[in-house]
Amino acid sequence: MTRQELIDLIGMKAREILPGLDDHAFAGTDRLVDLGANSVDRAEIAMLVQEALSLSVPRVELFGPKNIGELADLFLKKLDAA
């Protein structure tokens, strides 16, 4: 899976949780908080992505990424290690 595919997956899951993003073109620099996600929304989006990838990432590691691109990098690193 590529970084862009992960960004697209995160965007797809964000659209499931956050209303009004149907026409948004997600980019690696997007921050979920800027798109209207609160902490519960962000945790749910991360959980949905992990389920889709059959991954389990420690919650503490999910607090590090500052934007969708960094979150995709984290998931990519975990996929490569699996």
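# A tour from the end of helix 4

Start by selecting Ala81, which counts as exposed at 68% relative accessibility. This residue is found in helix 4. The model you are looking at is predicted. Now add Gly20 to the selection and draw a C-alpha to C-alpha distance. The two atoms are separated by 35 Å, with these positions 61 residues apart along the chain.

**Helix 1 against helix 4**

Select residues 3-17, which make up helix 1. Show helix 4 with it, residues 68-81. At what angle do helix 1 and helix 4 pack? The angle is about 115°, and the axes lie 9 Å apart. The crossing of the two helices is right-handed.

Next, show side chains at this contact. From helix 1, pick Arg3, Leu6, Ile7 and Ile10. From helix 4, pick Ile68, Gly69, Glu70, Leu71, Ala72, Asp73, Phe75, Leu76 and Leu79. Colour them by class. You should find 9 nonpolar residues, 1 polar residue and 3 charged residues in the contact.

**Lys13**

Stay on helix 1 and select Lys13. Is Lys13 buried or exposed? Lys13 is buried, because its relative accessible area is 13% and the cut-off for buried is under 20%. Show what surrounds this lysine. Leaving aside neighbours within four places in sequence, Lys13 is in contact with Ile45, Leu48, Val49 and Ala52. Keep those four residues on screen and move on to helix 2, which covers residues 39-53.

**The largest pocket**

Turn on a surface and look for the largest pocket. Its space amounts to about 490 Å³. Centre the view on Arg42, Ala43, Ala46, Leu62 and Phe63, which lie nearest the centre of the pocket among its 18 lining residues. Helix 2, helix 3 (59-62) and helix 4 each give two or more residues to this lining. Which element provides the largest share of the lining? Helix 2 does, with 6 residues. Colour the lining by class as well. The lining holds 11 nonpolar, 3 polar and 4 charged residues.

**Ser54**

Follow the chain to Ser54, in the loop between helix 2 and helix 3. Check the backbone here. Ser54 has a positive phi of about 55°, although this residue is not a glycine. Ser54 is exposed, because its relative accessible area is 69% and exposed means over 50%.

**The loop between helix 3 and helix 4**

Two stops remain, beginning with Gly64, which lies in the loop between helix 3 and helix 4. Gly64 is partly exposed, at 39% relative accessible area. Add Leu74 and draw another C-alpha to C-alpha distance. Gly64 and Leu74 are 9.1 Å apart in space and 10 residues apart in sequence.

Then select Lys66, also found in the loop between helix 3 and helix 4. Is Lys66 buried or exposed? Lys66 is exposed, with a relative accessible area of 56%. Finish by adding Val33. Lys66 and Val33 are 33 residues apart in sequence, yet their C-alpha atoms are 9.6 Å apart.

Conventions
Residues are numbered from 1 along each chain as its sequence is written. This is a predicted model: local features need pLDDT of at least 70, side-chain atom pairs count only at pLDDT 80 or more; totals for chains, interfaces and linings use all residues. Side-chain values use heavy atoms; hydrogens and water are left out. On a 1 Å grid over the protein atoms alone, a cavity is a set of points where a 1.4 Å probe fits but cannot get out, and a pocket is an open set with protein on both sides within 12 Å along at least five of seven lines; lining residues have an atom within 4 Å of a point. Grid points are joined across faces, edges and corners, and a volume is the space filled by probe spheres set on the points. Ala, Val, Leu, Ile, Met, Phe, Trp, Tyr, Cys and Pro count as nonpolar, Asp, Glu, Lys and Arg as charged, and the others, Gly among them, as polar. Axes are lines fitted to C-alpha atoms, for helices over the stretch in contact, and angles run from 0 to 180 degrees between N-to-C directions. A crossing is left-handed if the near helix is turned anticlockwise from the far one by less than a right angle, and right-handed if clockwise. Contact means heavy atoms within 4.5 Å. Buried means under 20% relative accessible area, exposed over 50%, partly exposed in between (1.4 Å probe, protein chains only).
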